[in-house]
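Work through the exercises below with the sequence and the 3D view at hand. Each task is followed by a solution in steps.

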Amino acid sequence: MRPDWAITPRDRTSSAEAGDFTTAPELSALFGRTVARQVAEIMAHSTPHILELGAGSGKLAADMLAELEQLGSLPDSYSILEISADLRERQQTLLRERLPHLFGRVRWLDALPETFGGAMIANEVLDALPVHLVHWQDSALSQRGVAIDGESFCWQDRPMDDGDLLHAAQQIAAPDGYVSEICLASAG
Ligand SMILES: C[S@@+](CC[C@H](N)C(=O)[O-])C[C@H]1O[C@@H](n2cnc3c(N)ncnc32)[C@H](O)[C@@H]1O
């Protein structure tokens, strides 16, 4: 089954209905196989462990593990940190079906480990993290959002109505005119 965010090239005319975008691992195994070669080098210089954040359908993990096996560079462990219960299930199904003999090396985490050595990968994940855009100007704080200007989109500053965001922004001594992201979900 296609992941929620994925559309096939044929769907592009109706992407709003079909999904959002297609990620490279969903298009071709070449992506995972290429990344695997880089990861093999990193593991050779550190330790044979991989941590993947936001593994989607599990396709990247499967393609990488298959290639690393071919290269004789299998990791001792392949950890996945995935917040979606549905995707976690899909990853388990895919990996169990495609690589049953390697399934024992894959584990699912509920939080980032305290320490980690090895190769960490995340494809199309950073832009999925929920952030607020904050603008420091004239000693005031505003939240920057997207508005419509005629037929195009534009940035628009608006009063900050989220107390937690205001508190977080007030802790940062930013110069006048500064714009930056704040991720409340990463606090703690
Ligand atoms: C756009 S998909 C990319 C999936 C996959 N990496 C790929 O390239 O096809 C974003 C992935 O990040 C996961 N994700 C989003 N926020 C996350 C978070 N805070 N921690 C871990 N995973 C997260 C989503 O559930 C999903 O698996």
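**Exercise 1.** Find how many residues surround the ligand and which are the closest.

Solution. The model is a predicted one. Step one is the count: 16 residues surround the ligand. Step two is the list of the closest, which are Thr 23, Gly 54, Gly 56, Glu 82 and Asn 123. Step three sorts the shell by residue type, giving 9 nonpolar, 5 polar and 2 charged residues.

**Exercise 2.** Describe the polar contacts that Thr 23, Gly 54 and Glu 82 make with the ligand, then state how much of the ligand is buried.

Solution. Begin with the side chains. Thr 23 places a polar side-chain atom 2.6 Å from an oxygen atom of the ligand. For Glu 82, an N or O atom of the side chain is 2.5 Å from a ligand oxygen atom. Gly 54 takes part through its backbone, where an N or O atom lies 2.8 Å from a nitrogen atom of the ligand. The cut-off for a polar contact is 3.5 Å. Next comes the area: the ligand taken alone exposes 590 Å², and the protein buries 86% of this. Last, the place: the ligand takes up the space of the largest pocket.

**Exercise 3.** Classify the ring pair of Phe 103 and Trp 108, and decide whether these residues are buried or exposed.

Solution. A search of the whole structure gives 2 aromatic pairs. One of them joins Phe 103 and Trp 108, with 5.9 Å from centre to centre and 40° between the planes. Planes under 30 degrees apart count as stacked and over 60 as edge-to-face, so the pair is tilted. Phe 103 and Trp 108 are both buried.

Notes
Residues numbered from 1 in each chain as written. Predicted model: local features only at pLDDT ≥ 70, side-chain atom pairs only at ≥ 80, totals over all residues. Heavy atoms only, no water. Near = heavy atom within 4 Å. Polar contact = N/O pair within 3.5 Å; in protein donor to acceptor, adjacent residues only side chain to side chain. Areas by Shrake-Rupley, 256 points an atom, 1.4 Å probe, with all protein chains shown as cover. 1 Å grid on protein atoms, 1.4 Å probe; cavity = no way out; pocket = protein on both sides within 12 Å on 5 of 7 lines; lining within 4 Å. Sits in = over half its atoms within 2 Å of the grid points. Nonpolar A, V, L, I, M, F, W, Y, C, P; charged D, E, K, R; others polar. Phe/Tyr/Trp six-rings, centres within 6.5 Å; stacked < 30°, edge-to-face > 60°. Buried < 20%, exposed > 50% of the residue type's maximum accessible area, 1.4 Å probe, protein only.
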